[in-house]
Protein chains: 2
Amino acid sequence: MTTHTEACGQLLGPLRTLLGFRQTALQRAYQSKELSTSGTGLLAELVHGGESRACDLAHNRVVDASVVSRQLGQLEQEGLVERRPDPADRRVSLLRATERGRQVLAEREAQKANWLSHALRDWDEADVVRLTELLRALSCDLLAASRETLSGPAETTEEGNR
Amino acid sequence: MTTHTEACGQLLGPLRTLLGFRQTALQRAYQSKELSTSGTGLLAELVHGGESRACDLAHNRVVDASVVSRQLGQLEQEGLVERRPDPADRRVSLLRATERGRQVLAEREAQKANWLSHALRDWDEADVVRLTELLRALSCDLLAASRETLSGPAETTEEGNR
DNA sequence: TTTATAGTTGGTTGTACCAACCAAAGGAGT
DNA sequence: ACTCCTTTGGTTGGTACAACCAACTATAAA
């Protein structure tokens, strides 16, 4: 039980609190009817990541392909994304955000940024920046570790958690 | 559009990513069958917060009372929490974690801390501490802002809330 | 031809909401 | 003091949404 582990233990509390917000408070606080909350993330990924295949989207978000499929269906129906067949592989469709999709997302992001800015009105700007960096790194490492755990909890770990 | 707002806009990405983990990767990565993920949070609150009333728990977690009610039922059934009638008000029951509840939670927390420690093995310890502080503050302010938004989005926005 | 991959659809589960309800408290009016 | 009426704590029923897995079709690749 190193001090590093202890420090991580301390991190658990706030992390749980934050993750707990999903589905509840935050969601309700800044939700629109136009964009089913989970769809927002997908749309954002398409806007920022450019044209992608559905399976890549699923992989990035670490969710089942079926989830992405349904979300895409919804987004497409609302005209926020469009698909075209991949000329190189007729199994895949390439997804892309429409102009309207970009626009809607931009609006939502602006709203959220405002809301967040209000919520953090007492914060030092430097702290916001610092937190952003740390969270980015955290997400990245959590993602990697999740994949590791999910794919091979068998023998990929060298000596022995479990 | 101040730079503060912009900085918050930058924060949105990582934040979304992180919140997206809920229900998916993280959940699966460190989940046990003994404790329904959402129950963990409740149990943690009981362990750390001491004997509480159900309505206070609901308020703290910003969820509907019915949600807490069902979760408590489950936890109680597994012998992780117990309730006793409040002598001062016969409507309320006071909830408390059982010894076994404490034990189970402690195990889970240790597991998680280990997992997290592994995930963040390349991190500077100081950064972990810093992130913990920032996340704590973030949770706190997000919570406050959510409540504000939820309770009175009508006309309470500009000057004095309520 | 056989096997693997991309995507969709059906069925199930977990977690949340709201509405409706019961039981107990707390005030107000007589 | 006694009864009404409103408020509050908690439970239960019904519904929505997002995730999963399994089964299926169509296409590629070996």
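# Notebook: two chains on DNA, a predicted model

**Helix over sheet, chain A.** I began with helix α3 of chain A (residues 37-49), which lies across β1, β2 and β3 of chain A and runs at about 95 degrees to β3(A). For the terms: helices (H or I, at least four residues) and strands (E, at least two) are DSSP runs, numbered from the N terminus. I count two residues as in contact if their C-beta atoms, placed from the backbone, lie within 7 Å. Axes are lines fitted to C-alpha atoms, for helices over the stretch in contact, with angles from 0 to 180 degrees between N-to-C directions.

**Ground rules.** I am working with a predicted model, in which local features need pLDDT of at least 70, side-chain atom pairs count only at pLDDT 80 or more, and totals for chains, interfaces and linings use all residues. Residues are numbered from 1 along each chain as its sequence is written, while chains are lettered from A and ligands numbered from 1 in the order in which they are written.

**The sheet in chain A.** In what order do the three strands of the open sheet of chain A stand? I read β1-β3-β2, with antiparallel pairing. β1 (52-53) and β2 (81-86) of chain A are at the edges with a single partner strand each, so one side of each has no neighbour in the sheet. Pairing here requires that DSSP finds at least two bridges between two strands.

I then went through the pairs. β1(A) is joined to β3(A) (residues 89-97) by two bridges, in antiparallel fashion. β2(A) pairs with β3(A) over six bridges, also antiparallel, and these two strands form a hairpin with two residues between them. Leu94(A) in β3(A) was a nice find: Arg53(A) stands opposite Leu94(A), and Arg84(A) stands opposite Leu94(A) too.

**The sheet in chain B.** Chain B has three strands in an open antiparallel sheet, ordered β1-β3-β2. Its edge strands, β1 (52-53) and β2 (81-85), pair on one side only. I found five bridges between β2(B) and β3(B) (residues 93-97), which pair in the antiparallel sense. Pro85(B) stands opposite Ser93(B) in β3(B). Here α3(B) lies across β1, β2 and β3 of chain B at about 90 degrees to β3(B).

**Symmetry.** What rotation superposes chain A on chain B? I get 180 degrees, with 0.0 Å of shift along the axis and an RMSD of 0.0 Å. That is the relation of a two-fold axis. In chain A, Leu19(A) has the C-alpha nearest the axis, 2.8 Å from it. Both copies use the same surface, as 98% of the contact residues of chain A recur in chain B. The superposition is by least squares on the C-alpha atoms of residues with pLDDT of at least 70 in both copies.

**Where the chains meet.** I listed 57 residues from chain A and 56 residues from chain B in the contact. On the side of chain A that touches chain B, the elements giving two or more residues are α1 (3-21), α2, α3, α6 (99-119) and α7 (125-151). α7(A) gives the most, with 19 residues. By class, this side of chain A has 29 nonpolar, 17 polar and 11 charged residues. In these classes Ala, Val, Leu, Ile, Met, Phe, Trp, Tyr, Cys and Pro count as nonpolar, Asp, Glu, Lys and Arg as charged, and the others, Gly among them, as polar.

**Around the DNA.** Which residues come closest to DNA strand C? Of the 24 residues that surround DNA strand C, the closest are Cys55(A), Ser66(A), Ser69(A), Asp64(B) and Arg90(B). "Near" means that the C-beta atom, placed from the backbone, lies within 6 Å of the molecule or strand. α5(A) gives the most to this surface, with six residues. The residues near DNA strand C divide into seven nonpolar, 10 polar and seven charged.

For DNA strand D, I again have 24 residues, of which Asp64(A), Arg90(A), Cys55(B), Ser66(B) and Ser69(B) come nearest. α5(B) gives the most to the surface near DNA strand D, with six residues.

**Confidence check.** pLDDT is the predictor's confidence in each residue, from 0 to 100. Chain A averages 86, and 84% of the residues score at least 70. Among the elements of chain A, α2 (residues 25-29) has the lowest mean pLDDT, 63, and β1(A) the highest, 96. Over residues 154-162 of chain A the pLDDT is below 50, and this stretch has three contacts in the model beyond near neighbours in sequence.
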